Amino acid sequence: MKLAGATYMDIHQAGGGINFTVEHTEAASEEDLYCSFKQRLQRMLRAGTTLVECKNGYGLKLETELKMLRVIERAHREMDIGISCTYCGAHSVPKSAETAATDIIENHLPALKQMAINEEIHVDNIDVFCEKGVFDLESTRKILQAGKAIGLHLNFHGDELNPMNSAELGAELGAHAVSHLEEISEEGITAIAAAKCSAILLPTTAYILRLKQPRARDMLSAGVIVSLGSDFNPNAYCFSMPMVMHLACVNMRMSLNEALAASTINAAYSLGRSHTHGSLEVGKQGDVVILNAPRCVSAVYHMNYLTQDLFDHFN
Ligand SMILES: N=CN[C@@H](CCC(=O)O)C(=O)O
């Protein structure tokens with residue numbers, strides 16, 4: 001459908017996209033989900049990622065969302081890669097946005113809070129897909145405020161397919177980050193720059209959905225803390241941050257150093273982890289990727305390395 005010209009929302013409304021993945025996630029066992037998740041994390045680690053944000057959001061019903069969160073928790077305990085866990089129960093609306101928001105606020109978030117107290121799961125951030133036909137600005141605001149009240153960092157999808165004033169909302173609520181932002185307004189850029197709310201730009205998504213490119217240069221000029229993400233999901237299947245940096249440089253006109261900072265220290269900032277991650281400094285965690293290459297940015301501009309494991313090519 002996509003190659004034939006259907007938009008993201010055409011596919012979503014025809015029961016594909018998120019809805020399709022929700023059906024398969026519900027049917028899968030926890031063990032199956034863990035096995036495929038583990039393999040994907042191993043690929044990311046081998047492509048140089050040492051800390052990754054992992055989200056649920058393909059359950060919608062509490063029971064299935066908790067299954068996903070338990071799978072993320074298991075990887076957090078068993079694997080060498082660092083994980084920042086984001087609760088994204090507000091990823092699609094089976095009924096109305098209002099009903100879904102009420103279910104999340106009254107049932108999901110209290111369950112999450114209790115499980116966190118029992119140390120069964122560790123959730124760091126809360127996400128909402130703030131979009132026309134999904135969660136409107138008011139439902140997004142309510143869910144994010146309820147998440148903030150239980151101590152979660154706000155880090156949500158905004159201004160992706162339609163201008164929604166999501167960036168302005170992120171700035172107003174003290175969000176750590178808003179992701180996507182292809183449709184951000186001038187006022188939104190000014191607001192997130194002033195609020196020190198990071199813009200997480202996702203070059204693979206703009207590429208695969210043929211969206212307009214996020215305005216990285218305008219954001220950088222305005223002083224926005226620009227981060228980059230792979231947006232790995234069934235719609236943008238990319239394990240490789242070098243590939244993401246490459247696309248950001250070519251399509252969004254970021255410099256190699258800007259792309260590197262956006263994928264390390266700024267990305268750590270967007271997850272509230274810049275005090276421990278994202279740069280090599282005394283007192284921080286020693287996450288180091290050593291490449292046998294003339295410059296660290298070689299992994300970004302050597303096109304033949306982009307989809308390969310860094311370890312295989314720079315050893
Ligand atoms: N835009 C919404 N969420 C995902 C896509 C999820 C999917 O299509 O499965 C994103 O960030 O790109």
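1. Start with Asn-266: leaving aside residues up to four places away in sequence, Asn-266 touches Ser-198, Ile-225, Val-226, Ser-227 and Ala-261. Bear in mind throughout that this is a predicted model. Asn-266 belongs to helix α13, which covers residues 265-270. Why does Asn-266 count as buried? Because Asn-266 has 22 C-beta neighbours inside 10 Å, and 20 or more is what the label takes. As for His-277, which is eleven residues away along the chain, its C-alpha atom is separated from that of Asn-266 by 9.7 Å.

2. Next, Ala-199. With residues up to four places away in sequence again left out, Ala-199 touches Val-178, Leu-181, Ile-192, Met-219, Val-224, Val-226 and Ser-227. Two of those names, Val-226 and Ser-227, also turn up in the contact list of Asn-266.

3. Ala-199 leads straight to the core. The largest nonpolar core has 83 residues, and those touching the most other members are Val-178, Ile-192, Ala-199, Leu-201, Met-245, Ala-248 and Ala-259. Helix α11, residues 241-251, is the biggest contributor to this core, giving seven residues. As background, nonpolar side chains in soluble globular proteins tend to be buried together.

4. Now for strand β4, residues 153-158. Six of its six residues are buried. Side chains in a regular strand alternate between the two faces of the sheet. Here, one side of β4 carries His-153, Asn-155 and His-157, the other has Leu-154, Phe-156 and Gly-158, and both faces are covered.

5. What does β4 pair with? On one hand there is β3 (residues 125-128), which runs parallel to β4 and is joined to it by two bridges; Ile-126 stands opposite Leu-154 there. On the other hand there is β5 (residues 177-180), also parallel, with four bridges to β4. Phe-156 has Val-178 as its bridge partner in β5, and Val-178 is also one of the core residues that touch the most other members.

6. The connections are worth a look too. β3, helix α6 (residues 137-149) and β4 form a right-handed β-α-β unit. Another right-handed β-α-β unit is made by β4, helix α7 (residues 166-173) and β5.

7. Finally, the ligand. Which residues surround it? They are Gly-17, Ile-18, Thr-21, Phe-129, His-157, Glu-160, Thr-205, Asp-231, Asn-233, Pro-234, Asn-235 and Ala-236. By class, that shell splits into six polar, four nonpolar and two charged residues. His-157 ties this point back to β4, where His-157 is among the buried residues.

Technical notes
Residues are numbered from 1 along each chain as its sequence is written. This is a predicted model: local features need pLDDT of at least 70, side-chain atom pairs count only at pLDDT 80 or more; totals for chains, interfaces and linings use all residues. A residue is near a molecule or strand if its C-beta atom, placed from the backbone, lies within 6 Å of it. Ala, Val, Leu, Ile, Met, Phe, Trp, Tyr, Cys and Pro count as nonpolar, Asp, Glu, Lys and Arg as charged, and the others, Gly among them, as polar. A residue is buried if 20 or more other C-beta atoms lie within 10 Å of its own, exposed if 12 or fewer, and partly exposed in between; C-beta atoms are placed from the backbone. Two strands pair if DSSP finds at least two bridges between them. A crossover is right-handed if, with the strands pointing away from the viewer, the path from the first strand over the helix to the second runs clockwise. A nonpolar core is a set of buried Ala, Val, Leu, Ile, Met, Phe, Trp, Tyr and Cys residues joined through C-beta atoms within 7 Å. Two residues are in contact if their C-beta atoms, placed from the backbone, lie within 7 Å.
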